[in-house]
Amino acid sequence: MSQLETPLFDVLLKHRNRHPIQFHIPGHKKGQGMDPAFREFVGDNVLSIDLINIAPLDDLHSPKGAIKEAQALAAQAFGADHTFFSVQGTSGAIMAMILTVVGPGDKILVPRNVHKSIMSAIVFAGAIPIFIHPEVDSEYGISHGISPEAVEKALNAYPDTKAVLVINPTYFGFSADLKRIVEIVHTRNIPVVVDEAHGVHIKFHDDLPYSAMEAGADMAATSVHKLGGSMTQTSILNVREGLVSAKRVQAVLSMLTTTSTSYPLLASLDTARRQLAIHGYDLIGDALRLAKDARKRINQIPHIKCAGKEKLNSSATYDMDPLKLLISVKDLGLSGHQAEEWLRHNANIEVELSDLYNILCLVTLGDTKKEINLLINALSRMSKAFDSEATITEAMVNVPDIPALAMSPRDAFYADTEVVPLAEADNCICAEFVMVYPPGIPIFIPGEIITQENIRYIQMNIEAGLPVQGPEDTTLKTIRVIKERKPII
């Protein structure tokens with residue numbers, strides 16, 4: 001088969017053009033039973049392929065036709081042995097990936113700054129997370145990747161580890177030396193699984209970091225919708241045979257995936273793969289040139305700076321994706337949140353994220369010189385507007401010790417709990433997540449023993465105005481803990 005082909009999209013168009021009489025779901029029947037205003041807005045084309053897994057269209061749970069062919073083409077494009085489509089986002093793919101390699105009581109090495117879907121999967125699996133501190137950037141106040149040296153040290157300390165998870169690249173676009181990590185882990189016959197949510201495009205251009213499959217990883221959950229041109233909620237799970245069974249992956253995915261899979265979403269995966277495979281190098285090259293120009297011009301604006309290759313100075317910051325514009329605004333006397341609000345209200349610009357010190361802007365296949373000029377103009381105006389308040393500001397980044405794990409996150413999740421004042425929670429076992437930004441690393445996860453030192457760390461960050469995520473009580477005056485106070489292990 002050729003990468004020019006889109007077998008799933010083609011079979012949907014062929015089926016639509018037959019105009020079959022539908023006595024099956026969805027009940028809107030090509031839009032005829034839908035609210036007219038919404039139907040007019042989205043259009044009849046997309047509604048005509050909003051179908052169900054009837055025989056001519058194949059079935060994502062047991063693909064034998066067009067979906068199987070589309071997934072095989074994706075595997076070829078991404079350099080995988082097998083590729084599985086996900087209509088439940090990368091969160092669904094990550095959960096399947098982790099549930100494939102670990103079970104109850106199994107240890108898995110993970111960076112401390114993981115996405116919540118990873119911790120959710122660890123809870124579901126009943127696995128034991130062994131955390132590795134990522135490298136922390138004191139200039140921008142963010143966390144990067146984990147170093148090969150840290151991975152090797154953790155494996156020596158926990159030789160019964162069943163899997164290692166790596167983020168490639170991070171949300172901010174930085175990659176560790178993934179090839180070296182894979183080499184270290186594979187010498188012990190342990191699989192490496194990768195959260196590649198922000199790296200769908202890196203396989204398709206030489207000026208970008210190694211993709212997980214290029215580095216020899218065993219599985220990678222990859223968001224095609226983030227930077228690859230497909231519709232929101234669409235992702236893939238790439239698999240390399242050997243330490244992982246593709247049949248096991250299919251079985252786990254089927255357990256987690258709706259039986260009413262969306263064909264418009266699946267078709268967008270099929271066509272996005274074609275665009276990346278055929279035109280990706282040129283399109284990404286154009287985006288890289290725009291990003292290079294943007295970074296140079298941003299760094300000429302007073303009191304603002306944009307991170308670049310000068311940050312690549314360790315095995316945890318081995319490479320970077322230049323399409324991520326990490327812009328520090330702290331020297332303007334602004335928080336990233338305030339800068340986001342200013343850009344929204346004064347320039348009609350929406351950024352990807354903001355934290356205490358930074359905003360993050362993405363340059364993608366959909367951008368042109370026009371959008372870059374609008375961003376530079378807005379940042380220049382913002383710099384002038386706050387020039388009188390500008391001052392050199394040092395980022396405060398203190399990483400607390402990782403607490404001892406008294407019980408598995410799953411056992412803690414299902415245990416009997418109670419709410420106690422945070423100030424009185426010393427030596428209790430936490431029953432919820434507590435994360436303080438920056439740098440975005442959990443302070444507590446379910447099952448960890450609360451210490452007075454970490455209570456002080458939380459209070460210090462609250463007093464500094466840092467937003468707290470995770471707990472039921474967002475003021476963090478109280479915290480939910482396990483009723484059993486005595487450590488279990």
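Q: Hi! In which sense do β14 and strand β15 pair, and over how many bridges?
A: Hello! This is a predicted model, and in it β14 pairs with β15 (residues 358-362) in the antiparallel sense, over two bridges.

Q: Which residue in β15 is the bridge partner of leucine 353?
A: That would be leucine 360.

Q: Does anything sit on that part? I mean, what does helix α12 touch?
A: Helix α12, residues 336-347, packs on the sheet and touches β14 and β15. Its direction makes about 50 degrees with that of β15.

Q: Okay, and in what order do the four strands of the sheet come?
A: The order is β11-β13-β15-β14, in an open sheet with antiparallel pairing.

Q: Which strands stand at the edges, then?
A: β11 (305-306) and β14 (353-354) do. Each has a single partner strand, so one side of each is left without a neighbour in the sheet.

Q: And which strands does helix α11 lie across?
A: Helix α11 (residues 263-298) lies across β11 and β13 (324-328), and it runs at about 10 degrees to β13.

Q: New topic: how do α7 and α8 cross?
A: Helix α7 (residues 148-157) and helix α8 (residues 178-186) have axes that come within 9 Å and cross at roughly 15 degrees. An angle under 35 degrees counts as roughly parallel, and α7 and α8 are therefore roughly parallel to each other.

Q: Is that crossing left-handed or right-handed?
A: The crossing of α7 and α8 is right-handed.

Q: Nice. Which residues make the contact?
A: From α7 there are Pro148, Val151, Glu152 and Leu155, and from α8 there are Arg180, Ile181, Ile184 and Val185. By class, that contact has six nonpolar residues, two charged ones and no polar ones.

How values were computed. Residues are numbered from 1 along each chain as its sequence is written. This is a predicted model: local features need pLDDT of at least 70, side-chain atom pairs count only at pLDDT 80 or more; totals for chains, interfaces and linings use all residues. Side-chain values use heavy atoms; hydrogens and water are left out. Two strands pair if DSSP finds at least two bridges between them. Contact means heavy atoms within 4.5 Å. Axes are lines fitted to C-alpha atoms, for helices over the stretch in contact, and angles run from 0 to 180 degrees between N-to-C directions. Angles under 35 degrees count as roughly parallel, over 145 as roughly antiparallel, 65 to 115 as roughly perpendicular and the rest as oblique. A crossing is left-handed if the near helix is turned anticlockwise from the far one by less than a right angle, and right-handed if clockwise. Ala, Val, Leu, Ile, Met, Phe, Trp, Tyr, Cys and Pro count as nonpolar, Asp, Glu, Lys and Arg as charged, and the others, Gly among them, as polar.
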